[in-house]
Amino acid sequence: MDTTTSIPAVEWKRGSAELLILSLVEARPRHGYEISKLIEQRSGGTIRFHVASLYPMLYRLERRGWLHGRWVEKSGQRRRRYYRVTRLGRRVLASQLRGWREFVAGINRITEAENA
Amino acid sequence: MPDWKPEILRRLAPLKLSTPREAEIAEELAQHLDDRYQELLAAGEAEDAAYRTSLGELKDEDFLARNLKRVERNFYREPVAVGKGSGNLFSGIFQDVRYALRMLRKSPGFAAVAILTLALGIGANTAIFSVVNAVLLRALPYRMPSQIVMVFWSNPAWGQDRIPLCVADFDDWKALNHAFVEPTVFGKNLYDYTSSQEPQQIAGAGVSPGFFSTLGVEPTLGRGFLPEEEKPGGRLAVIVSQNFWVHNLHGDAQAIGRNITLDGQSYVVVGVMPGSFRFPSESVELWEPLRLKPPTRRGPYFLRGLARLRPGVSPQQARADMAAVSERIREETHAQDTGGAPNVMPL
């Protein structure tokens, strides 16, 4: 659920979703619910993805070969689908992080200059 | 715990995904909704409120399908109208195969194990079926094979149940027989076949009169043995296998009546057996008459009995009938009873 339905916020969320997901599974494989909770918690509730948004994104990243999903069955638990980043996904993540930081730095430079 | 799958499947239905893919997505999304539902209950929400909030994760009726449409388009299954020849009968199969291949490519380890397991399973099944087919399923190429039996001596004290017969045994068997149509015997042999090419050693069998008629087979080319050819001193005649005829006589129909040299002696080829006939073993390529002379003693023991049961006679009854032969032998030879007995075995 979006904290705001303004068009810019939706676009920012859509554009950063892939970056967020890749970042979260870079450290270790995670399942979809865990990914959604981490996004919500670490963003302080400002970013949240519904089931109907999150999983299509996960499947899209899987089709591109950036993520690899695998069903894992642990003792005493139902099987869950865990996603881990692939080698290609790591390269994409690194590229997107560079781009994102440059973008944010550029925005900051412009806004700080205008509002100084 | 609510069952989320019906709601999820209903929203996935417009995508017409393959059944396995649809089930996989439904299972994963249902787990997420279960976790969300449990989280809300733990936070103190009432069950119905938690249910509505969790279900709200699926958004509008067509939201999930819209978001999945482009991602899952490779898994679309074209509609097949029941009763109509749409021409797309295999399109769903191709899509499922492509999906399977894609999943296997992503899991090379699993793919390797799966392929190896399939290969081992297919290989084992093929091997087992080959044996079962040869031993149990494939019909023997003889007339009423269930009525044909092999006859041996057996002696449990010696640990043997296929002791050959001698000529004298065969004569007694024929004289005292009540259970069989016509007792016959055969003995295996190796022949040195000499031709224009390199000499070969060919497996063959000497057979007594009535051998082929007992089995209910006859040559596909030429004829069987004539009575004069089956008597001691008669013309040396031979019937060959189809394999021998093809490889050594060039499959020539004019080979009938031609002479070949076996063990330095000239034999006239009188017949060619069907390709399916390989008795008493796969390696046997030649058959000649035994031309047995009246025995002067008991032995040597080199013959194997072959006979067709009379109608209504069982192998057990035939075994009892053969016991009379055994008793005659003991009387004649004044031999002590060593525990031997006739052994009648289905073919």
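Visitor: Is the crossing where helix 2 of chain B passes helix 3 of chain B right-handed or left-handed?
Guide: Bear in mind that this is a predicted model. The axes of helix 2 (residues 19-42) and helix 3 (residues 47-55) of chain B come within 9 Å and cross at roughly 140°. That angle makes helix 2 of chain B oblique to helix 3 of chain B. As for the hand of this crossing in chain B, helix 2 passes helix 3 in a way that is right-handed.

Visitor: Which residues in helix 3 of chain B meet helix 2 of chain B?
Guide: Start from the helix 2 side, where B:Leu33, B:Arg36, B:Tyr37, B:Leu40 and B:Leu41 make the contact. By class, this contact between the two chain B helices has six nonpolar, two polar and two charged residues. On the helix 3 side, the residues are B:Glu47, B:Ala50, B:Tyr51, B:Thr53 and B:Ser54.

Visitor: What area is buried between chain A and chain B?
Guide: The size of an interface is often given as the accessible area lost when the parts come together. Here, 25 residues of chain A are in contact with 26 residues of chain B. Carbon and sulfur atoms give 49% of the buried area, and the area itself is about 2,500 Å².

Visitor: Which residues in chain A lose the most area to chain B?
Guide: Chain A buries about 2,500 Å² together with chain B. Three residues of chain A account for 26% of what that side buries, and they are A:Tyr33, A:Val51 and A:Arg63.

Visitor: At what angle do helix 2 of chain A and helix 2 of chain B pack?
Guide: A:Gly32, A:Tyr33, A:Ser36 and A:Lys37 are the chain A side of this pairing, and B:His32, B:Asp35, B:Arg36 and B:Glu39 are the chain B side. The crossing of these two helices is right-handed. Their axes are 9 Å apart, and the packing angle is about 50°.

Visitor: How many charged residues does the contact of helix 3 of chain A with helix 2 of chain B have?
Guide: The axes of helix 3 (residues 51-64) of chain A and helix 2 of chain B come within 11 Å and cross at roughly 130°, and the two helices are therefore oblique to each other. A:Val51, A:Leu54, A:Tyr55, A:Tyr59 and A:Arg63 meet B:Arg21, B:Ile25, B:Glu28, B:Leu29, B:His32 and B:Leu33. By class, this contact has seven nonpolar residues and one polar residue, and the charged count is three.

Visitor: How many salt bridges are there between chain A and chain B?
Guide: Over all chains, the structure holds 28 salt bridges. The side chains of B:Asp34 and A:Arg78 meet in a salt bridge at 2.9 Å, N to O. For chain A with chain B, the count is seven.

Visitor: Which side chain meets B:Glu61 in a salt bridge?
Guide: B:Glu61 is in the loop between helix 3 and helix 4 (63-69) of chain B, and the pair links distant parts of the chain, 51 residues apart. The other residue is in helix 1 (residues 5-12) of chain B. At 2.2 Å, N to O, the partner is B:Arg10.

Visitor: Which residue does a cis peptide bond join to B:Phe279?
Guide: Most residues other than glycine have a negative phi, and most peptide bonds are trans. Here omega is about 5°. The residue asked for is found in the loop between strand 8 (265-272) and strand 9 (284-289) of chain B, and the bond joins B:Phe279 to B:Pro280.

Terms used:
Residues are numbered from 1 along each chain as its sequence is written. Chains are lettered from A and ligands numbered from 1 in the order in which they are written. This is a predicted model: local features need pLDDT of at least 70, side-chain atom pairs count only at pLDDT 80 or more; totals for chains, interfaces and linings use all residues. Side-chain values use heavy atoms; hydrogens and water are left out. Axes are lines fitted to C-alpha atoms, for helices over the stretch in contact, and angles run from 0 to 180 degrees between N-to-C directions. Helices (H or I, at least four residues) and strands (E, at least two) are DSSP runs, numbered from the N terminus. Angles under 35 degrees count as roughly parallel, over 145 as roughly antiparallel, 65 to 115 as roughly perpendicular and the rest as oblique. A crossing is left-handed if the near helix is turned anticlockwise from the far one by less than a right angle, and right-handed if clockwise. Contact means heavy atoms within 4.5 Å. Ala, Val, Leu, Ile, Met, Phe, Trp, Tyr, Cys and Pro count as nonpolar, Asp, Glu, Lys and Arg as charged, and the others, Gly among them, as polar. Buried area is the accessible area (1.4 Å probe) that two parts lose on being put together, summed over both. A salt bridge is a side-chain nitrogen of Lys or Arg within 4 Å of a carboxyl oxygen of Asp or Glu.
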